[in-house]
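Q: Please pick one loop and look at it closely. Then show me what lies on either side of it. Keep the sentences short, as I am new to this.

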Amino acid sequence: MTFSGPVWLASDMHLGPDGPATREAFLAFLQAAADGACALLLPGDIFDAWVGDDEIDAPAPWLQSVLDGLRAASAQIPVHLGPGNRDFLMGKRLAEATGTRLLPEPVVLRTDGGEFLLSHGDALCTDDVEYQQFRAMVRNPQWQAQFLAQPLTARQAIARQMRERSMAEKSRKAADIMDVNQQAVEGALRAHGVTRMIHGHTHRPGRQVFELNGRRCERWVLQDWDLDDAADPRGGWLAIDQDGPVYHDIALDD
């Protein structure tokens, strides 16, 4: 994918019925992106859960406001939605209803600041074998077809159970295995012929610099959002222009 002009990227908003401050910050961010960027890329976990595009048939008020915000932004600039571990079932109906576009996973971005490999990031967490087995199961087209054939309320209940199980599992796992695996990162860079990567998922924002085959490489991790956490309100995005990537903190910039 090729872009000319400033590109903004953000992920891991985990929007849902709870978290009104995060939702309002995201809506303001959409308008800021429409005014200040040439394109907006949202590579995953935009929603805390997405169990099928029929969610838009009778959306709750919180969801309607997000759909309206995406539609308004995409009327001004291209807005791209990528699959996360929570919302990989976002599909064409959602994209058509909001005027957005679906991002491949992963995808090489060609920007004024150079080339970057963009992904959600969960596929790189290969040390978490249990999660990778689960990921392979839910990304299987047959599993998805069986899941989507169930009533919406049943799917929503299953998603709640999955989130509860995920939280319980995280509490017993070592923190390191839930981060990306360095060999997986290097393999992805080699496979796509680039030296810089952007991803979310891990909730460990920052820039990592390392050497691969004698070349300087960078890994930029996107900030997760939670403006409803009184003890640690956070949220932000990465902007790429001709000078390269720069982090922006939503709490400071908005």
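A: First, a definition. Helices here are DSSP runs of H or I with at least four residues, strands are runs of E with at least two, and both are numbered from the N terminus. With that in hand, take P106, which sits in the loop between strand 4 and strand 5. Bear in mind that this is a predicted model.

Start with the backbone. The peptide bond running from E105 to P106 is cis. Its omega is near -5 degrees.

E105 has a second role. It helps line the largest cavity, along with P43, G82, P83, L103, P104, V107, L118, S119 and H120. That cavity holds about 30 Å³ of space. The count of cavities of 30 Å³ or more comes to 1. By class, the lining has 6 nonpolar, 3 polar and 1 charged residues.

Now go to the strand before the loop. Strand 4 covers residues 101-102 and is an edge strand, so described because it pairs on one side only. Its sheet is open and has 6 strands. The order is 4-3-2-1-10-11, and the pairing is mixed. What does pairing involve? Strands of a sheet pair through backbone hydrogen bonds, either parallel or antiparallel.

Strand 11 (244-249) is the other edge strand. Strand 10, residues 236-241, pairs with strand 11 in the antiparallel sense, over 6 bridges. In one of these bridges, L238 has Y247 of strand 11 as its partner.

A helix lies over this sheet. Helix 1, residues 20-36, crosses strand 1 (7-9), strand 2 (39-43) and strand 10. It runs at about 140 degrees to strand 2. Helix 1 also packs with helix 2 (residues 61-74), at an angle of about 10 degrees and with the axes 9 Å apart. Angles under 35 degrees count as roughly parallel, and these two helices are therefore roughly parallel to each other. From helix 1, the contact uses R23, F26, L27, L30 and A34. From helix 2, W62, S65, V66, G69, L70 and A73 take part. The contact has 8 nonpolar, 2 polar and 1 charged residues.

Another loop lies between strand 2 and helix 2, and it contains D45. D45 is not a glycine, yet its phi is positive, at about 55 degrees.

Back to P106, and on to the strand after its loop. Strand 5 (107-111) belongs to an open sheet of 5 strands, in the order 5-6-7-9-8. The pairing here is mixed too. Strand 5 is an edge strand, and strand 8 (206-212) is the other. On average, neighbouring strands of this sheet are turned by 25 degrees against each other, direction ignored.

Inside this sheet, strand 7 (residues 196-199) runs parallel to strand 9 (residues 215-221), and 4 bridges join them. M197 has R219 in strand 9 as its bridge partner. Helix 7, residues 182-192, packs on the sheet. It touches strand 5, strand 6 (114-119), strand 7, strand 8 and strand 9. The direction of helix 7 makes about 70 degrees with that of strand 8.

To sum up, the loop with P106 joins strand 4 to strand 5. Strand 4 is an edge of the sheet of 6 strands, and strand 5 is an edge of the sheet of 5 strands.

Methods
Residues are numbered from 1 along each chain as its sequence is written. This is a predicted model: local features need pLDDT of at least 70, side-chain atom pairs count only at pLDDT 80 or more; totals for chains, interfaces and linings use all residues. Side-chain values use heavy atoms; hydrogens and water are left out. Two strands pair if DSSP finds at least two bridges between them. Contact means heavy atoms within 4.5 Å. Axes are lines fitted to C-alpha atoms, for helices over the stretch in contact, and angles run from 0 to 180 degrees between N-to-C directions. On a 1 Å grid over the protein atoms alone, a cavity is a set of points where a 1.4 Å probe fits but cannot get out, and a pocket is an open set with protein on both sides within 12 Å along at least five of seven lines; lining residues have an atom within 4 Å of a point. Grid points are joined across faces, edges and corners, and a volume is the space filled by probe spheres set on the points. Ala, Val, Leu, Ile, Met, Phe, Trp, Tyr, Cys and Pro count as nonpolar, Asp, Glu, Lys and Arg as charged, and the others, Gly among them, as polar. Angles under 35 degrees count as roughly parallel, over 145 as roughly antiparallel, 65 to 115 as roughly perpendicular and the rest as oblique.
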